[in-house]
Amino acid sequence: MINPPAMGILKAPSSSLLYFIVFLLWQIVTSGVQGGIAKDGGFRSRKLFVFGDSYASTGNNDISVRSWKVPYGITFPGVPTGRFSDGRVLTDFLAKYLGLKSPMAYRVRSIGSSKQLNYGMNFATGGAGIFDTIFPGRPNMTTQIDLFQQLIEMKAPSTSSGLNSSLALVAPSGNDYSSHLAGNGSFTGLPIYISGVVNQLAANLRRIYDLGVGKVVVSNLPPLGCLPSITVSSAFQKCNSTFDPLIVLHNTILQRALAKLNNETNDAFLLLDVHGSFRFFLLATVGKQIQIPQACSLPHHLCGYVYYCFNLISCIPECQARPGSFRITMSNFIYALSGIFKFENALKPCCLGVSNEFICGSVDATTGNKMYTICSNPKKVFFWDTNHPTHEGWQEVFNILKPSLQQMF
């Protein structure tokens with residue numbers, strides 16, 4: 001059974017409120033990450049709106065959730081900020097690339113100045129799905145878009161101007177499927193369910209665009225069989241291929257849906273290949289497990305990495321024939337190559353509960369002692385906990401995603 005990227009609500013220690021207050025002050029001062037400058041020419045985003053779950057959330061969950069507990073946030077900014085990582089997440093790196101500060105979490109919008117709110121808004125919430133999930137109180141994507149529409153109708157500072165030059169990030173990571181299985185849904189019934197999920201996701205994407213957003217980027221599903229919550233059964237030594245056909249089905253239907261949307265909107269939508277980026281690091285750093293058939297099936301923007309790093313000559317004709325293929329630059333090649341050697345066993349997370357009863361951030365209810373362990377150097381580990389990348393993991397993933405983003409900016 002797939003463990004979802006966001007775990008259930010736990011009883012919070014008293015310190016969680018203190019960390020939340022520190023987070024509010026930090027948001028007031030910085031509102032996230034100061035970014036660089038976006039590429040000249042083409043579309044230039046002035047705002048970022050974010051929808052999804054824990055892979056993109058920057059603080060929308062209740063303070064009782066583990067993302068508000070130590071040791072989350074230990075790398076950046078040093079205290080928990082509601083992010084499901086030791087530091088920054090996908091949203092932060094995208095904002096930096098765009099030359100923006102990370103948009104404020106919707107939950108704390110009331111403390112932001114009009115200048116801070118002008119960077120957009122983040123509606124993503126850990127545990128959320130396209131539909132309702134097993135986690136109570138988590139707004140599904142339709143509800144998140146409803147909140148966005150309400151801000152537009154209210155002419156709130158974050159949406160009162162510049163919508164047509166804004167970008168939306170839509171980042172679901174599989175909570176619908178873990179909830180389906182946890183709710184006694186059949187594995188054999190997943191293909192039909194997947195079709196319904198992606199169809200609703202496509203409708204959500206079109207709705208975001210119709211509300212006035214200029215461009216929309218959406219991530220596909222990561223290789224869920226490589227998450228530590230799954231690979232723990234092999235002592236974090238290998239991915240479980242059971243889920244591969246289902247992930248491929250989701251990602252294939254999504255890609256077709258985006259092609260249709262682009263035909264209708266003059267290429268307003270872009271796929272972020274999170275699956276290929278994860279897979280590159282996870283398979284390349286665990287005994288160099290990539291084989292020629294797997295490598296050739298990687299999306300076109302990874303072909304250069306496959307060729308240079310593994311010299312899989314037979315893949316090159318296919319890579320060059322794919323629409324949108326590009327010549328890999330030396331800087332991107334160096335990023336990818338350094339990432340392979342940076343991570344140790346990429347399937348083993350940095351932060352783990354001391355036993356199956358505990359998770360990262362757990363404390364003993366009686367003594368208050370921590371019931372988890374942390375690796376000595378999170379920079380050498382791809383996964384932070386059993387479902388989420390480290391700050392460094394997200395950094396390397398985003399370095400691989402940059403070339404595809406250059407198609408839009």
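In which sense do strand β3 (residues 166-171) and β4 pair, and over how many bridges? Some notes on that, and on a helix worth a look.

1. First, a reminder that this is a predicted model. As for the opening question, β3 and β4 run in the parallel sense, with four bridges between them. If you want a spot to centre the view on, try Val170, which sits opposite Val218 of β4.

2. β4 has a partner in β5 (residues 269-272) too, again parallel and again over four bridges. Here the pair to pick out is Ser219 with Leu272, its bridge partner in β5.

3. Now the burial of β4, which spans residues 215-219. Five of its five residues come out as buried, that is, under 20% relative accessible area, so the strand is largely enclosed by the rest of the structure. Neither face is left open: Lys215, Val217 and Ser219 are buried on one side, and Val216 and Val218 are buried on the other. Note that a lysine, Lys215, is in that buried set.

4. Helix α5 (residues 175-182) tells a similar story: seven of its eight residues are buried, so it too is largely enclosed by the rest of the structure. The buried ones are Asn175, Asp176, Tyr177, Ser178, Ser179, His180 and Leu181.

5. What do the buried residues of α5 pack against? Two other helices, α6 (190-210) and α8 (244-265).

6. One backbone detail to finish: after α5 comes Asn184, and its phi is positive, near 70 degrees.

Definitions and conventions:
Residues numbered from 1 in each chain as written. Predicted model: local features only at pLDDT ≥ 70, side-chain atom pairs only at ≥ 80, totals over all residues. Heavy atoms only, no water. Buried < 20%, exposed > 50% of the residue type's maximum accessible area, 1.4 Å probe, protein only. Contact = heavy atoms within 4.5 Å. Pairing = 2+ DSSP bridges.
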